[in-house]
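Student: Let us go through the charged pairs, the cysteines and the enclosed space here. Please give the reasoning first and the value last.

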Amino acid sequence: MENDNGENPTKVNKYACACAIVASMISIIFGYDTGVMSGAMIYVKKEFQINDAKTEILAGILNLCALVGSLCAGRTSDKIGRRNTIMVASVIFMIGSILMGYGPSYIALLVGRCIAGVGVGFALMIAPIYSAEVSSPSSRGFLTSLPEIGISIGILLGYLSNYIFSRLYLELGWRIMLGIAAIPSLFLAIGILKMPESPRWLIMQGRVGEAKKILYKVSNSPQEAEIRLRDIKEAVGIDENCNDDIVKVPESAQTHGVWKELLLKPTPSLRWILIAGVGIHFFEHATGIEAVILYSHKIFAKAGVHDTRKQILATVGVGLTKFTFIVLSTFLIDRVGRRKLLLTSLSGMVVALAGLGFFLTIAENSGGTLIWALVLSIVTTYAVVMFFNIGLGPVTWVYSTEIFPLRYRALGAGIGVAVNRLMNATVSMSFLSISEAITTGGAFFMFAGVSLAALIFFYFMCPETKGKSLEEMESVFTKGKSSENFNK
């Protein structure tokens with residue numbers, strides 16, 4: 001059964017799905033680094049005898065460097081293509097992983113983590129863009145969520161790696177945990193060469209013939225491929241009746257001057273898109289999820305779990321919860337819609353974060369002797385992870401990738417990822433200090449307040465985009481035409 005766009009709304013194109021899965025492999029590697037650092041920090045701290053301030057720097061430096069990588073990635077992907085940018089990200093991450101695995105000193109470890117961070121910035125920007133640009137509107141939410149599933153798989157593997165290699169002696173265990181990520185990075189850099197380039201990027205370069213062949217492969221029917229080709233050509237400014245394989249792209253479709261047009265002189269709809277795209281990235285980490293993922297072992301210690309291996313085992317539960325609900329979300333996002341998942345997610349996070357703050361405060365004040373407070377602290381920790389990954393986590397990457405017009409997509413996504421990494425670094429580099437100042441429970445009460453502000457922001461600023469083509473997004477954010485998308 002096909003809709004008016006020539007799509008079968010119940011079918012996911014296998015070739016497009018395979019492309020998105022391969023692109024998402026870079027996200028698994030990034031997720032692994034995030035998850036494994038949670039446990040590796042315990043042993044790094046023991047070997048190098050570093051204090052909490054240096055631990056925070058070690059945790060956050062990756063995201064500060066990812067900020068630089070994400071800003072560079074937008075321009076790079078417009079120049080060399082989406083596929084080649086994924087390969088660049090893999091190579092950079094491989095170099096960083098090798099240096100972290102070697103890690104003869106705290107400074108060397110920081111440098112390796114910083115290099116890996118640049119690769120992370122590239123990966124977080126380019127993987128969702130590539131997935132969005134090869135997918136149909138009916139399956140775009142699912143395929144663009146795959147990088148977020150990749151991150152969840154990676155985090156879970158990182159936690160398991162902590163548990164497995166923690167049995168080794170101190171100097172070897174954490175180095176294997178961190179260095180082993182270089183192996184899949186190498187295979188991905190080679191395997192990415194088998195993937196096709198983004199058809200939208202090819203058309204921006206005037207290579208219409210190549211793009212058409214790829215569109216026929218990633219579409220469910222010839223009719224759908226032709227409609228997608230026509231829409232992209234129209235968005236770029238190419239005559240839809242032009243059938244040449246190589247065409248000259250109008251100057252207005254080139255990416256020269258996009259910084260000025262997007263940031264200094266945007267149209268009303270483009271300004272709204274920019275605010276929504278940057279805002280969703282800001283709130284993804286301002287709500288405190290990185291504190292839960294990166295410092296879960298410390299949260300469990302505050303609740304009363306004092307054995308190191310038991311703390312690490314409890315963090316595996318965090319990874320399992322994250323993976324389970326991110327997978328569930330990918331099957332809901334194209335059915336339920338982005339907006340409903342966002343609002344449900346934030347509503348649940350407000351309650352769960354407030355509960356976590358309350359039970360941790362009781363557990364801390366009792367010295368960890370109240371079993372019920374310990375249990376409920378762990379349950380609410382898992383609840384925070386659950387509600388985040390059913391909506392805010394995956395929707396952030398789908399929504400921010402799909403709303404920007406083609407000409408501004410790489411730059412807009414790059415700015416969004418930069419803000420995302422900045423907030424991630426801010427939380428990961430300040431959580432221990434904030435906890436020391438206002439207690440760990442107080443920190444989560446603060447995050448509950450931020451989540452409430454996020455809920456209000458999403459309610460008023462983020463219309464529904466489910467089922468819309470990438471070329472329709474600007475009209476979704478046009479006043480007068482958007483009201484129906486707020487009621488969905």
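Student: What is the relative accessibility of E226?

Tutor: This is a predicted model, in which local features need pLDDT of at least 70 and side-chain atom pairs count only at pLDDT 80 or more, while totals for chains, interfaces and linings use all residues. Residues are numbered from 1 along each chain as its sequence is written, and side-chain values use heavy atoms, leaving out hydrogens and water. Buried means under 20% relative accessible area, exposed over 50% and partly exposed in between (1.4 Å probe, protein chains only). E226 counts as partly exposed, because its relative accessibility is 33%.

Student: Which residue forms a salt bridge with E226?

Tutor: A salt bridge needs a side-chain nitrogen of Lys or Arg within 4 Å of a carboxyl oxygen of Asp or Glu. For E226, the closest N and O atoms of the pair are 3.7 Å apart, and the partner is K212.

Student: How many residues apart in sequence are K212 and E226?

Tutor: Helices (H or I, at least four residues) are DSSP runs numbered from the N terminus. K212 is itself partly exposed, at 32% relative accessibility. K212 forms its salt bridge with E226. K212 is in helix α9 (residues 208–218) and E226 in helix α10 (residues 222–236), so the bridge ties together parts whose separation in sequence is 14 residues.

Student: Where in the chain are the two ends of the salt bridge between R407 and E261?

Tutor: The closest N and O atoms of R407 and E261 are 2.7 Å apart. The pair ties together parts 146 residues apart in sequence, because E261 lies in helix α11 and R407 in helix α18.

Student: Is R407 buried or exposed?

Tutor: Its partner E261 is partly exposed, at 27% relative accessibility. R407 has a relative accessibility of 14%, so R407 counts as buried.

Student: How many residues separate R200 and E471?

Tutor: The side chains of R200 and E471 meet in a salt bridge, with 3.1 Å from N to O. R200 sits in helix α8 (residues 199–204) and E471 in the loop between α19 (440–461) and α20 (473–476), distant parts of the chain that are apart by 271 residues.

Student: What is the relative accessible area of R200?

Tutor: E471, at the other end of the bridge, is partly exposed with 25%. R200 is buried, because its relative accessible area is 3%.

Student: How many salt bridges does the structure hold?

Tutor: Some of the charged residues join in more than a pair: D78, R82, E133 and R409 are linked in a network of salt bridges. The total for the structure is 16.

Student: Which cysteines form a disulfide?

Tutor: A disulfide is a covalent bond between the sulfur atoms of two cysteines. Here it is taken as a pair of cysteine sulfur atoms within 2.5 Å. The structure holds one disulfide, with sulfur atoms 2.0 Å apart, between C65 and C114.

Student: Which helices does the link of C65 and C114 join?

Tutor: The link is left-handed, with -75° about the S-S bond. Its ends lie 49 residues apart, C65 in helix α2 and C114 in helix α4.

Student: Why does C72 have no bond to C65?

Tutor: C72 is partly exposed, at 38% relative accessibility, whereas C65 is buried, at 10%. The closest cysteine sulfur to that of C72 is in C65, and a bond is ruled out because the distance is 11 Å.

Student: How much space lies in the largest cavity?

Tutor: A cavity is a set of points on a 1 Å grid over the protein atoms alone where a 1.4 Å probe fits but cannot get out, and lining residues have an atom within 4 Å of a point. Grid points are joined across faces, edges and corners, and the volume is the space filled by probe spheres set on them. The structure holds three cavities of 30 Å³ or more, and the largest has about 210 Å³.

Student: Which element gives the most to the lining of the largest cavity?

Tutor: Of the 23 lining residues, the closest to the centre of the largest cavity are I151, H285, E290, R421 and N424. With four residues, the element that gives the most to this lining is α13.

Methods. On a 1 Å grid over the protein atoms alone, a cavity is a set of points where a 1.4 Å probe fits but cannot get out, and a pocket is an open set with protein on both sides within 12 Å along at least five of seven lines; lining residues have an atom within 4 Å of a point.
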